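Please open the structure in your viewer and keep the selection panel at hand. The stops below go from one selection to the next, with a short account of what is there.

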Amino acid sequence: MIDKNSPIPIYHQLEEYIKAQIDSGELQPDETIPSERVYADMFQISRMTIRQALTNLVNDGYLYRQKGRGTFVNKKKVEQRLQGLTSFTEDMRERGFNPGSKLISFEIIPAGREIADRLKLNENTPVYEIKRVRLADNVPMALETTYLPANLVKGLTEDIINQSLYQYIEEKLNLVIHEATQEIEASNAKDHELRLLEIEKGSPILLILRTSTLKDGTPFEFVKSAYRADRYKFVHTMHRS
Ligand code: 16G
């Protein structure tokens, strides 16, 4: 339940507790959640901690508030399955949205240590750095920073990256995109992310790091993306061999 000696913040533990109750059906969609007082008595924790947890769950889409009526359990989020290796353009089209991009910056830079490691290059090798806000029906969904080895993914222009990078790589460069490794973690949006994603201070985001390789194992992209957590929930299917 709540462990006050744990390094995990108490508000986060309470969030997990409430989420588990929603998952198990103990709390049903549109049901009012117990009052702050109930949680305070049950766990001997401060109201401020409870408020923090509830605000996070509201921001995260698990709960919603109605003025004068209280806080309720939300219906489930839209799920995006992570089955195939797809591009943003393909993902959005499949969901019936019109994909788009707003270019923030586009330049060639020398690879620093992290980028060089991820792309298996020597430090200072020239890489493209592309920052794009990805849009669905003109609404910002994610902020993406993409690094590509400049001597592999050749000839990029603003026109190309305003459309689909994967389409250019496959259809114009005739490279075979093979697989990707992704790391997903929760975070709070930084100031510039808030502004570009048009979300409020304190809003949660999903940070995704993707390294993708070609058929012969050569890494061709390293991407850092900040996805709006109020819109996204990523779902993996795992097979036991
Ligand atoms: C997705 C990929 C990104 C890739 C981009 C290509 C994630 C987390 N990232 O956004 O790695 O570069 O698609 O999209 O899914 P594009 O072909 O539309 O430019």
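## A tour from the sheet outwards

Begin by selecting Glu129, whose bridge partner in S6 is Tyr147. Before going further, please keep in mind that this is a predicted model.

Now widen the selection to the two strands that meet here: strand S5 covers residues 126-136 and strand S6 covers residues 139-149, and the two run antiparallel, joined by 10 bridges. Another of the pairs can be picked out by selecting Lys131, which has Thr145 in S6 as its bridge partner. If you then follow the chain from S5 to S6, you pass through a hairpin with 2 residues between the strands, and in this turn Asp137 has a positive phi of about 50°.

On the other side of the pairing, select S9 together with S6, and you will find that they pair in the antiparallel sense over 6 bridges. Tyr147, already met as the partner of Glu129, stands opposite Phe222 in S9.

With these strands on screen, bring in the rest of the sheet. It is an open sheet of 6 strands with antiparallel pairing, and the order to follow across it is S4-S5-S6-S9-S8-S7. Its edges are strand S4 (99-110) and strand S7 (177-188), each of which pairs on one side only. As you turn the view, note that the twist averages 15° from one strand to the next. In general, the strands of a sheet pair through backbone hydrogen bonds, either parallel or antiparallel.

Is S6 largely enclosed or largely open? Of its 11 residues, 8 are buried, and S6 is therefore largely enclosed by the rest of the structure.

The next selection is the largest nonpolar core, which has 14 residues; those that touch the most other members are Ile115, Leu119, Val127, Tyr128, Tyr147 and Leu148. Two or more residues come from each of helix H5 (113-119), S5, S6, H7 and S9. In soluble globular proteins, nonpolar side chains tend to be buried together. To look at one member more carefully, select Tyr128, which, apart from residues up to four places away in sequence, touches Ile108, Tyr147, Leu148, Ala150, Val153 and Leu156.

From the core, move to the ligand and show the 14 residues around it, of which Ser87, Phe88, Thr89, Ser164 and Leu165 come nearest. Which elements supply at least two residues each to this shell? They are helix H4 (88-94), S6, helix H7 (165-172), strand S8 (204-214) and strand S9 (219-228). If you colour the shell by residue type, it divides into 5 nonpolar, 6 polar and 3 charged residues.

Stay with helix H7 and select Tyr166, which lies in it. With 18 other C-beta atoms within 10 Å, Tyr166 is partly exposed, because a residue counts as buried only from 20 such atoms upwards and as exposed at 12 or fewer. Setting aside neighbours within four places in sequence, Tyr166 is in contact with Ser87 and Ile177. For a sense of distance, add Pro29, which is 137 residues from Tyr166 in sequence and 39 Å away in space, C-alpha to C-alpha.

For the last stop, select Ile22, found in helix H1 (residues 10-23). Ile22 is partly exposed, with 19 other C-beta atoms within 10 Å, and its contacts beyond four places in sequence are Leu27, Tyr62 and Val73. Adding Thr181 to the view shows a residue 159 places from Ile22 along the chain, with 30 Å between the two C-alpha atoms.

Key:
Residues are numbered from 1 along each chain as its sequence is written. This is a predicted model: local features need pLDDT of at least 70, side-chain atom pairs count only at pLDDT 80 or more; totals for chains, interfaces and linings use all residues. Two strands pair if DSSP finds at least two bridges between them. Helices (H or I, at least four residues) and strands (E, at least two) are DSSP runs, numbered from the N terminus. Axes are lines fitted to C-alpha atoms, for helices over the stretch in contact, and angles run from 0 to 180 degrees between N-to-C directions. A residue is near a molecule or strand if its C-beta atom, placed from the backbone, lies within 6 Å of it. Ala, Val, Leu, Ile, Met, Phe, Trp, Tyr, Cys and Pro count as nonpolar, Asp, Glu, Lys and Arg as charged, and the others, Gly among them, as polar. Two residues are in contact if their C-beta atoms, placed from the backbone, lie within 7 Å. A nonpolar core is a set of buried Ala, Val, Leu, Ile, Met, Phe, Trp, Tyr and Cys residues joined through C-beta atoms within 7 Å.
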